[in-house]
Amino acid sequence: MTMKTAVAIVAAVLLMSACARVQTESPGEITRSTSNGITAAERAEGWRPIFDGRTFVGWRGLGYDSVPTAHWKIEDGAIKKVALGQVARMPDGQPAKGGDLMTRETFRDFELSWEWKIGRGGNSGVKYNVSEEISVAASPNHAALGFEYQLLDDSLAEDNKIPSHRAGALYDMIPPSVNTVKPAGEWNVSRLVYRGNHGEHWLNGTKVVEFELGTPRTDSLLAKSKYKNIRNFAQRRVGHIVLQDHGEEVYFRNIKIRILN
């Protein structure tokens with residue numbers, strides 16, 4: 001075999017390999033970096049991951065020094081909330097203690113992006129502007145108090161009867177303007193903007209909620225909500241971001257944030 005022929009064979013093999021890769025991988029998979037969903041372009045825009053896809057570094061249970069791992073697992077690059085019926089039992093037969101999962105870091109003005117999927121009839125949420133001190137003082141079961149981006153199986157969950165409890169809502173205050181949630185078991189892409197007194201909820205590329213704190217509209221909605229008697233609930237603060245333990249199975253992945261100045 002001549003050198004020229006050998007070079008030609010190698011080139012042909014490399015070309016066939018590249019073609020096979022393009023046919024079997026989606027464009028997102030080809031361009032995505034290995035840093036849990038952060039591309040080079042996103043990094044240049046200020047995005048960074050707050051979940052590395054492998055460990056709970058940067059997270060702990062609300063009111064705990066560590067993660068309640070009987071309730072929270074990492075599976076296939078995602079944080080999994082274990083359904084209550086599958087939680088490990090203590091010697092007395094009771095399920096191990098759980099609670100919401102919280103960032104160790106706090107944030108004030110930010111844009112948050114994440115993907116999530118939920119089980120049939122599932123209910124959960126992502127909370128923000130959370131004070132751990134207020135939450136622990138008001139709730140003995142390690143549940144965060146804060147504004148909540150609602151996550152729901154809109155088709156089967158009992159909460160679907162209340163518009164402000166449907167997927168994408170500012171929970172118990174503002175319903176989503178349109179239903180863009182995917183069926184249970186499918187991945188959704190959510191985005192949250194929280195800057196100054198301005199907030200936005202996005203679901204699968206559509207803005208579904210927008211609000212301004214301190215306005216007559218928001219004050220009225222707050223006064224009618226379940227939070228009305230919680231002192232300083234809506235006070236603007238540097239707060240934690242929290243994944244809710246509602247007792248049902250839900251997955252979170254590609255959780256990233258950028259600070260807004």
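A residue counts as buried when its relative accessible area is under 20%, as exposed when it is over 50%, and as partly exposed in between, using a 1.4 Å probe and protein chains only. By that rule Y128 is buried, with a relative accessible area of 1%. This is a predicted model, where local features need pLDDT of at least 70, side-chain atom pairs count only at pLDDT 80 or more, and totals for chains, interfaces and linings use all residues. Residues are numbered from 1 along each chain as its sequence is written, and side-chain values use heavy atoms, with hydrogens and water left out.

**The chain overall**

- The chain holds five helices and 13 strands. Helices (H or I, at least four residues) and strands (E, at least two) are DSSP runs, numbered from the N terminus.
- Of its 261 residues, 46% count as buried.
- The accessible surface comes to about 13,400 Å², and 54% of that belongs to carbon and sulfur atoms. Such areas come from the Shrake-Rupley method with a 1.4 Å probe; for residues, only the protein chains shown count as cover.
- Contact means heavy atoms within 4.5 Å. Among contacts in the chain with a separation of 6 or more, 67% come from residues 24 or more positions apart.

**A five-stranded sheet**

- Strands of a sheet pair through backbone hydrogen bonds, either parallel or antiparallel. Here, two strands pair if DSSP finds at least two bridges between them.
- One open sheet has five strands in the order β2-β5-β12-β7-β8, with antiparallel pairing.
- β2 (59–61) and β8 (147–152) stand at the edges. Each has a single partner strand, so one side of each is left without a neighbour in the sheet.
- The twist averages 25° from one strand to the next. For such angles, axes are lines fitted to C-alpha atoms (for helices, over the stretch in contact), and values run from 0 to 180 degrees between N-to-C directions.
- At one edge, β2 and β5 (residues 101–103) pair antiparallel over three bridges. R60 has M102 in β5 as its bridge partner.
- At the other edge, six bridges join β7 (residues 123–130) to β8, again antiparallel. V126 has Y149 in β8 as its bridge partner.

**Strand β8 up close**

- In a regular strand the side chains alternate between the two faces of the sheet.
- Is β8 covered on one face or both? Both faces are covered: F147, Y149 and L151 are buried on one side, and E148, Q150 and L152 on the other.
- Six of the six residues of β8 are buried.

**Nonpolar cores**

- In soluble globular proteins, nonpolar side chains tend to be buried together. A nonpolar core is a set of buried Ala, Val, Leu, Ile, Met, Phe, Trp, Tyr and Cys residues joined through side-chain atoms within 4.5 Å.
- The largest core has 44 residues, of which L112, W114, F252 and I255 touch the most other members.
- Elements giving two or more residues to this core include β6 (110–118), β7, β8 and β13 (250–259). β6 gives the most, with five residues.
- W114 has contacts beyond four places in sequence with residues including V126, Y149, L151, F252 and I255.
- Another core, of five residues, lies apart from the largest one, and L62, M102, V130 and A144 are among its members.

**Aromatic pairs**

- Rings of Phe, Tyr and Trp (its six-membered ring) pair if their centres lie within 6.5 Å; planes under 30 degrees apart count as stacked, over 60 as edge-to-face and the rest as tilted.
- The whole structure has nine aromatic pairs.
- W114 and Y149 have ring centres 4.9 Å apart and planes at 75°, so the pair is edge-to-face. W114 sits in β6 and Y149 in β8, 35 residues apart.
- W114 counts as buried at 1% relative accessibility, and Y149 at 0%.
- Y128 and F147 form a tilted pair, 5.9 Å centre to centre with 45° between the planes. Y128 lies in β7 and F147 in β8, so the pair ties together parts 19 residues apart in sequence.
- Y128 and F147 also belong to a cluster linked by ring pairs, which includes F107, F110 and Y194.

**Loop residues**

- Most residues other than glycine have a negative phi, and most peptide bonds are trans.
- D76 has a positive phi of about 50°. D76 is in the loop between β3 (72–75) and β4 (78–81), and is exposed at 78% relative accessible area.
- N232 also has a positive phi, near 65°. N232 lies between α5 (216–223) and β12 (240–243), and is partly exposed at 41%.
- D153, in the loop between β8 and β9 (188–195), counts as buried at 4% relative accessibility.
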